[in-house]
Amino acid sequence: MGVLGNGKSFGGYPINKGHRSRLLCLFLSESEHLMNRFLAILLPAFIFAGYIYLLNTPIKTGSGTLPAAGIFFNPFCGFWQNAESSALAKEETIHLPGLKEEVTISFDQRLVPHVFSKNEEDLVFAQGYLHARYRLWQMDITARQASGRLSEIFGSRLLDNDQRMRRMGLARTARVYAEQWHNCPEYQFLSSYAAGINQYIGELTEKNLPFEFKLFGYKPEAWSVEKTGQVALSMNLMLCGRNEDLMATNTLEYLGAEDFKMLFPRWNPKQSPIIPKGTTWNFKVNQSTEEQGESGEVGFFPGEIQNDYPRSIGSNNWAVMASKTRDGFPILCNDPHLTLTLPSIWYEMQMQTSTYNAYGVSLPGIPYIAIGFNDYIAWGETNVGMDVSDLYEISWQDDRHQTYLMDGVTKEVSEDVERYEIKGEETIFDTIKLTEWGPVFIEEGRTLALKWLPNLTTDNCMVGSFRLLNQAKNFDDYYKALKRFESPAQNFAFASQTGDVALKVQGALPIKPKVEGQFILDGTIGKNDWRGYIPYDETPFIKNPERGFVSSANQNSTDTTYPYRYHGYFDDYRGRTLNEALTRMQDISVEDMQKLQNSTYSKLADDATGPLIALLPDNLGSTPLIKQLKAWNYYYTSDGTAPIIFEIWFNEFYKLMWDEFSALEEEKKIEVLFPEIWRTIALIAEDPTNKYFDIRNTPEVETAADLARQSFEYTEHQCDSLFSAEPDLVWKNYRPLKINHLSRVPAFSVTNIDVGGVASALNSVKSTHGPSWRMIVQLGNPIKAWGVYPGGQSGNPGSPYYKNMIDDWAAGHYYPLLHPTNPGEMNDHTLTKLSLKP
């Protein structure tokens with residue numbers, strides 16, 4: 001073949017100038033044809049290759065990194081494989097090498113497991129296996145959050161949170177817990193529990209990996225006793241991690257001591273404490289424990305203490321004696337109010353072995369039943385709320401902040417270097433300075449170190465307390481079981497078949513100097529330290545009281561006669577509601593207790609509405625809105641409109657009254673305390689011309705009546721707009737309840753739940769908080785119990801048992817809690833049966 005361009009031949013044929021032009025056109029035409037064929041073949045290949053690349057490459061977004069879409073949508077191992085049918089196999093057998101003997105598990109119609117084991121090690125092994133099978137991602141993410149490792153999964157947007165967790169010391173303390181628990185009698189069971197979790201993790205494949213691991217593109221780590229410690233510390237963060245010292249110090253600096261005492265009194269005279277007023281204390285406090293501590297240097301403090309949870313996380317528990325009940329048996333009730341999530345914080349189950357038969361709810365990541373009952377007793381918890389963290393100002397002695405002053409002696413800090421593996425980014429390191437007070441928590445001009453109880457406890461084997469409660473047969477067993485429970489402090493209610501009821505405020509409760517750590521303390525003075533802890537037999541306690549019941553609802557533990565001083569974050573309304581109701585009630589039935597748990601009555605609204613209306617001028621006192629409020633019974637029913645009117649009015653009044661506090665925060669860029677609701681209502685009723693009713697930016701001097709009128713006129717305007725736009729607006733729509741998936745993915749969350757309630761009601765429902773478990777136990781023979789929680793047993797969004805109990809929970813319905821003594825009693829109630837064999 002010749003070559004084009006020599007002017008002589010092409011394909012062996014002679015050519016001339018005219019031919020050359022035609023041949024060139026022919027060549028170009030052929031080339032275009034070949035190119036089109038080339039593109040037709042290769043372009044789809046390039047597109048397909050790009051598509052494959054995209055499918056297998058994580059996608060960075062402004063809020064984090066999404067997983068590779070190809071893995072997630074893979075029909076063989078992606079999220080499709082997580083869809084579950086409600087038609088489960090009747091029986092399943094699994095061989096687990098970690099078991100000693102066979103374990104039989106019967107799942108009832110709600111997928112609640114009833115676990116029957118011949119020995120305790122196998123029992124907790126099976127519990128670990130079940131926790132992992134149904135809640136593994138929940139356990140993993142809870143442990144990661146406490147240990148400051150969320151940015152490994154979600155990227156740098158959660159780095160600040162991770163650094164805060166490690167500065168608080170949660171990761172360090174979890175390691176200490178794991179070491180300390182080696183000395184606990186329960187360590188072998190903690191190890192068995194972890195082994196059960198790891199047995200399930202070892203069985204996982206890409207196909208059956210829990211959904212969230214696929215979504216976020218990572219795999220579970222092996223479980224350990226240390227991770228159980230991290231989960232325990234996550235509960236501590238929720239229940240006793242609050243600190244208001246910085247806010248209180250700034251507020252004191254602004255107000256002065258006299259006004260601070262007037263606006264922030266330590267005792268609400270209307271309070272109905274857990275231990276009844278007038279209780280005689282048969283012990284005295286050693287006066288050496290009452291040495292005067294000292295606050296630090298005055299002045300405003302910059303910085304921020306981020307509190308993750310509300311001031312008062314509502315919970316209720318009570319036990320009524322047989323003499324007050326219709327059927328002649330004690331009744332115990334408990335409904336802990338926490339952040340509502342999917343998966344639920346609780347996993348319901350029965351655990352039976354040769355020595356005990358316990359039923360209730362457990363915390364995935366921690367062995368044993370936390371709240372429940374057995375064949376002899378029942379128990380339940382609410383949060384105590386005493387302040388167990390203090391801030392100390394550090395006086396540095398060198399420019400590099402390596403030495404500090406304490407009692408005239410220069411001391412050196414020690415340092416922890418923390419490593420953060422951030423998804424999609426470079427590893428970073430952060431140095432945490434440690435003082436004798438605790439870690440340096442704020443270092444912005446003025447330095448504050450944090451002393452926090454969970455970092456200090458030396459025998460906080462809460463697992464040991466849960467285990468002994470699971471086994472307890474009487475009051476003495478209950479009392480002994482609580483001794484090892486140190487943090488977070490809880491109000492443990494108790495009832496038994498033999499007729500005893502009791503309640504103990506239990507935890508390591510610090511003995512503080514007279515200033516009690518309410519304000520930032522001077523870190524150069526050693527006597528500002530705690531004086532140890534209140535002895536076990538001197539923490540508040542009551543048994544078989546004359547009034548016929550024990551109760552708690554996060555209110556003050558005692559009245560002011562209790563020999564040890566304390567302060568904290570207490571509820572002012574639910575305890576009053578509960579104690580008044582139980583005092584009135586006789587011939588109490590289980591149905592009465594169910595109604596009481598679901599009560600939406602608000603004593604706050606009852607206390608505030610009348611005084612507000614009384615302040616209005618005559619021309620406003622008969623308006624349609626006021627007529628509704630006058631006819632209102634103060635119940636926050638889901639279909640009510642009066643609650644909307646009251647909430648708008650009272651919130652606007654509160655905003656106007658405390659405008660100087662908002663202005664101070666804005667102008668000084670600092671955190672301050674706002675006066676409590678009960679104090680606001682008391683000033684309305686008792687001191688309506690108090691200077692704090694005056695609005696800061698007006699020439700007039702306002703009184704409570706002026707604020708009532710202005711806030712009501714605002715309410716009229718707001719209600720007119722709201723009800724014009726939505727004529728059928730009711731409380732459940734105005735304050736919708738949302739139960740979020742732990743990842744905050746909307747598709748896996750549940751919104752607009754038809755439920756009433758408000759923070760100040762026994763049914764303490766807020767926008768994302770509420771009763772996380774309702775339980776009622778009648779201590780007859782046999783014991784009978786009822787319960788419900790807002791979620792489902794499975795943590796898999798693709799399961800029919802993921803959220804199947806929410807509607808019944810919202811409607812106030814309960815399920816009978818099956819408590820058989822042997823597997824055969826479950827035959828008529830079993831959805832599916834699982835046999836675990838060695």
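1. Strand β27 and its antiparallel partner. In this predicted model, I739 of the protein chain has V750 as its bridge partner in β28. The two strands, β27 and β28 (residues 750–753), run antiparallel and are joined by two bridges.

2. The other side of β27. Strand β10 (residues 341–342) pairs with β27 in the parallel sense, again through two bridges. Here T341 lies opposite N740, and L342 has H741 as its bridge partner.

3. The small sheet as a unit. Taken together, the three strands make an open sheet in the order β10-β27-β28, and the pairing is mixed. β10 and β28 are the edge strands, each paired on one side only. As for solvent, β27 is mostly covered, with four of its five residues buried.

4. R735, ahead of β27. This residue sits in the loop between α22 (731–734) and β27 (737–741). Is R735 buried or exposed? Its relative accessibility is 11%, and because buried means under 20%, R735 counts as buried. Beyond its neighbours within four places in sequence, R735 contacts V755, G756, G757 and V758, and also V765, K766 and S767. For one of these, V765, the separation from R735 is 30 residues in sequence and 9.6 Å in space, C-alpha to C-alpha.

5. The eleven-stranded sheet. A second open sheet has the strand order β5-β33-β6-β7-β11-β12-β13-β14-β22-β23-β25, with mixed pairing. Its edges are β5 (91–95) and β25 (541–543); each has a single partner strand, so one side of each lacks a neighbour in the sheet. From one strand to the next the twist averages 15 degrees.

6. A pairing within that sheet. Strand β6 (residues 103–107) and strand β33 (residues 832–837) run antiparallel and are joined by five bridges. One residue pair can be named: S106 has K833 in β33 as its bridge partner.

7. A helix on the sheet. Helix α12 (residues 462–471) packs on the eleven-stranded sheet, where it touches β12 (357–362), β14 (377–383) and β22 (490–496). The direction of α12 makes about 150 degrees with that of β14.

8. Helices α6 and α9. Helix α6 (residues 170–180) packs with helix α9 (residues 225–240) at about 130 degrees, the axes being 8 Å apart. The two are therefore oblique to each other, and their crossing is right-handed. On the α6 side the contact involves L170, T173, A174, R175, Y177 and A178; these meet V225, E226, G229, Q230, L233 and L237 of α9. Sorted by class, this contact comprises seven nonpolar, three polar and two charged residues.

9. Helices α16 and α18. What angle do the axes of α16 and α18 make? Helix α16 (residues 603–615) and helix α18 (residues 642–657) cross at roughly 70 degrees, and their axes come within 11 Å. They are therefore roughly perpendicular to each other. From α16 the contact draws on L604, A605, A608, T609, L612 and I613, and from α18 on F646, W649, F650 and F653. Its makeup by class is nine nonpolar residues, one polar and no charged ones.

10. Helix α20. Seven of the ten residues in helix α20 (residues 677–686) are buried, so α20 is largely enclosed by the rest of the structure. The buried residues are W678, R679, T680, I681, A682, L683 and I684. They pack against α11 (257–263) and also against α16 and α18, the roughly perpendicular pair described in the previous point.

11. The chain overall. The protein chain contains 23 helices and 33 strands. Of its 838 residues, 60% are buried. Among contacts between residues at least 6 apart in sequence, 72% join residues at least 24 apart. The contact of R735 with V765, across 30 residues of sequence, is one example from the points above.

Methods. Residues numbered from 1 in each chain as written. Predicted model: local features only at pLDDT ≥ 70, side-chain atom pairs only at ≥ 80, totals over all residues. Heavy atoms only, no water. Pairing = 2+ DSSP bridges. Axes fitted to C-alpha atoms, helices over the stretch in contact; angles between N-to-C directions. Contact = heavy atoms within 4.5 Å. Parallel < 35°, antiparallel > 145°, perpendicular 65-115°, else oblique. Left-handed = near helix turned anticlockwise from the far one by under 90°. Nonpolar A, V, L, I, M, F, W, Y, C, P; charged D, E, K, R; others polar. Buried < 20%, exposed > 50% of the residue type's maximum accessible area, 1.4 Å probe, protein only.
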